[in-house]
Amino acid sequence: MKNYYFKDVTSCEMCGIPSTNHKVMGMRLNTSQGKNPKAKIGIAVGVIRCTNCGLVYSSPQPIPKDIQDHYGTPPEEYWKAHYFEWTATYFKTQIDFVKTRINFSDGMKALDIGAGLGKAMLSFKHYGFEAYGLEPSIPFYERAIDKMGIDPERLKLGTIEDLEYDDNSFDFITFGAVVEHLYSPKLCIEKALKWLKPGGLIHIEVPSSKWLISKYMNAYFRIRGTSYVTNLSPMHVPFHLYEFDLKSFQVLGNRIGYSIDHYEYSVCEIYFIPRFLHPLLRWYMKKTNTGMQLTVYLRKNN
Ligand SMILES: [Zn+2]
């Protein structure tokens, strides 16, 4: 069993409204809840929805005493040969889009927060950016340099909370799928915004708090007579601590100084639901913005 301390949450991380009247959605176990949740045992925390901005968070918030309990060294068999294959299509859609929005010129600076093996950094370089990155995991950091040929001058080892860059130094910063894993998304976005030039863009992909499938699964859990909900995974893989609404980003922008330049919802994978219903569900989720993933591009105010 991992070691946690449990932090009381008194206000919404994104909009700052006190949590007193927020909606209790149910409880989340520290393991997969499966199809017969009544047979499961474990530790559960409350799952709350902010009634102002739609952010979903856990309360109390379990924080591991050692973060390595969540993101420690992967075993040797984790590393598959294809993880180390890079092609120029990697992250190309996002790079193409950003270039049209920032009046691109060669040598503009891009930063990847949570660079992993450095594949997005390779794409940045390939498409004319000066590529920088930070990566908190030692095994990923080492492989990015040794196996992927990333310049050690350009990749820092550490967390966004601990590292520093000069103010106003990047034209584009991507968080990829990182923000839902951060204990304080507000502080981290604020920090990245400081490093970004005025008019520059931040790219973020997060789980959406309006995902249709989780609504159906929560209804199923209610029918089975439990108070469990499927949202979040604060104590097990993939360690999602938050789900976000577009409004969560809009109100945070008013607080810290950016505007939403562009957003989109993506349907992504469909789980648990019978396969023949997938085309209909895909169509419906697309139409109603209730897909699994929310992508936002934030523009720093001038
Ligand atoms: Zn809120």
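The legends below describe close-up views of a predicted model.

**View 1. Coordination of the zinc ion by four cysteine SG atoms.** The zinc ion is bound through the SG atoms of C12, C15, C50 and C53, at 2.3 to 2.4 Å. The angles among its four donor atoms run from 102 to 118°, and the site is tetrahedral. For comparison, the ideal angle for four tetrahedral donors is 109.5 degrees. Along the sequence, the spacing of the donor residues follows the pattern C-x2-C-x34-C-x2-C. Two of the donor residues can be described further by their accessibility: C50 has a relative accessible area of 1% and is therefore buried, and C53, at 2%, is likewise buried.

**View 2. The hairpin of β3 and β4.** Strand β3 (residues 44-49) pairs with strand β4 (residues 56-59) in the antiparallel sense, over four bridges. Within this pairing, V47 stands opposite S58 in β4. Six residues lie between the two strands of the hairpin, where G54 adopts a positive phi near 85°.

**View 3. Pairing of β4 with β11.** Strand β4 is also joined to strand β11 (residues 242-243), by two bridges and in an antiparallel arrangement. Y57 has Y242 in β11 as its bridge partner.

**View 4. Aromatic pairs, with Y4 and F6 as one example.** The structure holds 18 aromatic pairs. In the pair formed by Y4 and F6, the ring centres are 6.3 Å apart and the planes meet at 45°, so the pair is classed as tilted. Y4 is buried, with a relative accessible area of 13%, whereas F6 is partly exposed at 39%. The rings of Y78 and Y83 have their centres 5.3 Å apart and their planes at 65°, so this pair is edge-to-face.

**View 5. An aromatic cluster that includes Y78 and Y83.** Y78, W79, Y83, F84 and F140 are linked into a cluster by ring pairs. Y78 counts as partly exposed, with 32% relative accessibility. Y83 is also partly exposed, at 24% relative accessibility.

**View 6. The charged end of R154 over the ring of Y132.** In this contact, the charged end of R154 sits over the ring of Y132, at 4.6 Å from the ring centre.

**View 7. K156 over the face of Y165.** Here the residue over the ring is a lysine: K156 lies over the face of Y165, 4.1 Å from the centre of the ring.

Conventions:
Residues are numbered from 1 along each chain as its sequence is written. This is a predicted model: local features need pLDDT of at least 70, side-chain atom pairs count only at pLDDT 80 or more; totals for chains, interfaces and linings use all residues. Side-chain values use heavy atoms; hydrogens and water are left out. Donors are N, O and S atoms within 2.8 Å of the metal (3.2 Å for Na, K and Ca); water is not among the atoms, so sites may look incomplete. Four donors count as tetrahedral if all angles lie between 85 and 135 degrees; four count as square planar and six as octahedral if opposite donors are over 155 degrees apart and all others between 65 and 115; anything else is irregular. Buried means under 20% relative accessible area, exposed over 50%, partly exposed in between (1.4 Å probe, protein chains only). Rings of Phe, Tyr and Trp (its six-membered ring) pair if their centres lie within 6.5 Å; planes under 30 degrees apart count as stacked, over 60 as edge-to-face and the rest as tilted. A charge sits over a ring if NZ of Lys or CZ of Arg is within 6 Å of the ring centre and within 35 degrees of the ring normal. Two strands pair if DSSP finds at least two bridges between them.
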